[in-house]
Amino acid sequence: MTDEGLGEIGRLRAEIAALHARVEELESALAERSIGGAAVGAAPSDAVSADAHAAFGALAWLLTPAPALIHWRPDGMVTRWSDGAERVFGWSEGEAVGRRLSELVGADPVSPDAVRALLLDWAENRFASATSEGRTKDGQARLFRWTHAVLRDDRGGAREIAAIVEDAGDPWSEHVLVGRLQLLLQLLDHSRNSIFVKDAGGRYVFVNRAHAEVLQRHVFEVIGKNEAELSPLAPEAIEEVVARERGVMAGGKAVQYEEVLLLGDTSIHFSTVKFPILDGRGETIGLGGVVTNTTSLRHAEAERAALQEKIIVAQQAALRELSTPLIPIADRVVAMPLVGTIDSARAAQIMETLLSGISSQSAHTAILDVTGVRAVDAHVADALTRTARAAQLLGTRVVLTGVRSEVAQTLVNLGVDLSGITTLGTLQSGIAHALRQPGHQRPAG
């Protein structure tokens with residue numbers, strides 16, 4: 001191969017290495033964004049400070065013992081009774097499991113109607129809350145709050161009811177409730193995704209900080225307003241958003257989709273999940289949404305795809321250079337050993353490389369060696385003969401070497417016209433033949 005060809009291959013390899021490095025950078029950036037979640041709007045600001053009461057409530061919740069957790073079958077038979085349940089009601093696990101719940105707490109806190117309501121959509125992770133009077137083991141009457149869910153069998157039927165039980169009359173429980181709400185709000189406020197809840201009329205009842213920043217409003221300015229009063233989108237885009245949200249509430253199921261919205265002259269890509277908010281009876285009372293801005297991810301993926309395409313093109317160029325090497329054998333004598341399969345694209349590359357080399361080397365003889373060609377058929381024979389004819393038009397003699405007996409038989413059967421083309425069995429004999437031709441000057445020695 002010529003020094004120029006080797007230099008070109010080196011350049012292609014360097015370009016491929018640089019492209020690979022850039023793709024790795026993009027993939028790392030995409031992985032980090034996928035793990036952390038793509039930001040919607042500006043970056044989150046400093047943490048919202050909590051007042052002393054809320055902070056105390058959060059700390060109180062963290063310091064409370066394990067909750068009272070009870071499981072029972074639809075017939076009322078208790079199957080699980082935690083240490084927390086023993087602390088609240090006084091019954092031990094051994095005393096409680098296997099007995100009816102009503103015998104232990106003096107009530108059936110979750111009615112059959114409530115169980116059926118939670119079975120409306122068994123695929124949803126839903127829970128409800130009920131408050132009922134009950135009693136402890138020593139006969140004390142108290143008011144208890146039962147936050148419960150229905151656990152389902154393989155057919156979707158009610159297998160068990162599970163509940164976390166709290167003493168609703170205990171002042172300490174108020175601090176616990178405030179603490180839970182504060183921790184939940186801080187969790188949502190520090191999400192980099194837009195999170196919001198609307199009522200059935202489309203008015204905001206909750207937004208986290210990320211969504212308020214998208215709207216460029218304080219959270220308190222958003223509550224009670226609808227999309228048309230706040231959104232920076234064009235009116236037709238707002239109508240489309242509102243119509244889709246109404247469809248989600250009417251359908252009664254969560255919907256996930258990708259959307260593109262136009263903000264000024266900029267197209268913004270979003271990955272959106274919207275879902276109906278249901279009450280304890282399974283009725284739709286609002287809509288919730290979690291929206292992720294994926295614009296930067298889209299741009300990075302597009303750049304990565306473009307770089308991958310460049311890599312493929314560069315690799316193909318390198319492979320073509322390697323698969324059609326033109327080797328100067330002696331002064332004005334070149335050889336091209338061919339290996340593998342020859343298709344139409346490679347046939348064109350062979351002709352282009354050979355004719356370019358003949359011109360640059362002023363070659364009087366060109367050797368085409370087909371020893372490594374897997375099979376010679378009509379397509380390969382046509383490619384070889386057209387290449388040879390083109391070389392002859394430049395005044396170059398063509399020598400075809402590596403013609404095995406089966407190849408010769410194939411060429412004869414195909415009726416290939418090899419007139420004007422010298423055929424020899426080996427590349428070595430082809431080189432010796434070329435060096436004996438008139439016009440070749442042996443170096444003085």
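Let me begin with a network of salt bridges that links K198, E227, E245 and K274. I should say at once that the model before us is a predicted one. Within that network, E227 and K198 form a salt bridge whose closest N and O atoms are 2.6 Å apart. E227 belongs to helix α10, residues 227–230, and K198 to strand β6, residues 194–199, so this pair ties together parts that are 29 residues apart in sequence. Are these two residues buried or exposed? E227 has a relative accessibility of 10% and therefore counts as buried, the limit being under 20%. K198, at 2% relative accessibility, counts as buried by that criterion too.

A search of the whole structure finds 13 salt bridges, and I shall mention two others. The side chains of D189 and R209 meet in a salt bridge, at 3.9 Å from N to O. D189 lies in helix α7, residues 171–189, while R209 lies in helix α8, residues 209–215, so the contact ties together parts that are 20 residues apart in sequence. Both D189 and R209 are buried. The other example is D153 with R155, where the closest N and O atoms are 3.8 Å apart. Here D153 counts as partly exposed, at 25% relative accessibility, and R155 is exposed, with a relative accessible area of 75%.

D153 brings me to the strands around it. Strand β3, residues 128–135, pairs with strand β4, residues 141–152, in the antiparallel sense over eight bridges. In this pairing, S132 stands opposite F144 of β4. The two strands form a hairpin with five residues between them, and G139 in the turn has a positive phi of about 90°. Strand β4 also pairs in the antiparallel sense with strand β5, residues 158–167, over nine bridges. There, L151 has E160 of β5 as its bridge partner. Again a hairpin results, with five residues between β4 and β5, and G156 in the turn has a positive phi of about 90°.

F144 appears once more when we turn to the aromatic residues. Which residues form one aromatic cluster with F144? They are W72, W81, F89 and W146. The count of aromatic pairs comes to five. F196 and Y204 form an edge-to-face pair, with 5.8 Å between the centres and 80° between the planes. F196 and Y204 are both buried. Charged groups also meet rings: the charged end of R99 sits over the ring of W91, 4.9 Å from its centre, and that of R244 sits over the ring of Y257, 4.1 Å from its centre.

I close with a sheet further along the chain. Five strands form an open sheet of mixed pairing, in the order β11-β12-β13-β14-β15. Where do β11 and β15 stand? β11, residues 327–330, and β15, residues 421–423, are at the edges, and each has a single partner strand, so one side of each is left without a neighbour in the sheet. From one strand to the next, the twist averages 25°. Strand β14, residues 397–401, runs parallel to β15 and is joined to it by three bridges, with V399 opposite T422 of β15. Finally, helix α16, residues 427–435, lies across β11, β12, β13, β14 and β15, and runs at about 175° to β13.

Technical notes:
Residues are numbered from 1 along each chain as its sequence is written. This is a predicted model: local features need pLDDT of at least 70, side-chain atom pairs count only at pLDDT 80 or more; totals for chains, interfaces and linings use all residues. Side-chain values use heavy atoms; hydrogens and water are left out. Two strands pair if DSSP finds at least two bridges between them. Helices (H or I, at least four residues) and strands (E, at least two) are DSSP runs, numbered from the N terminus. Axes are lines fitted to C-alpha atoms, for helices over the stretch in contact, and angles run from 0 to 180 degrees between N-to-C directions. Contact means heavy atoms within 4.5 Å. Rings of Phe, Tyr and Trp (its six-membered ring) pair if their centres lie within 6.5 Å; planes under 30 degrees apart count as stacked, over 60 as edge-to-face and the rest as tilted. Buried means under 20% relative accessible area, exposed over 50%, partly exposed in between (1.4 Å probe, protein chains only). A charge sits over a ring if NZ of Lys or CZ of Arg is within 6 Å of the ring centre and within 35 degrees of the ring normal. A salt bridge is a side-chain nitrogen of Lys or Arg within 4 Å of a carboxyl oxygen of Asp or Glu.
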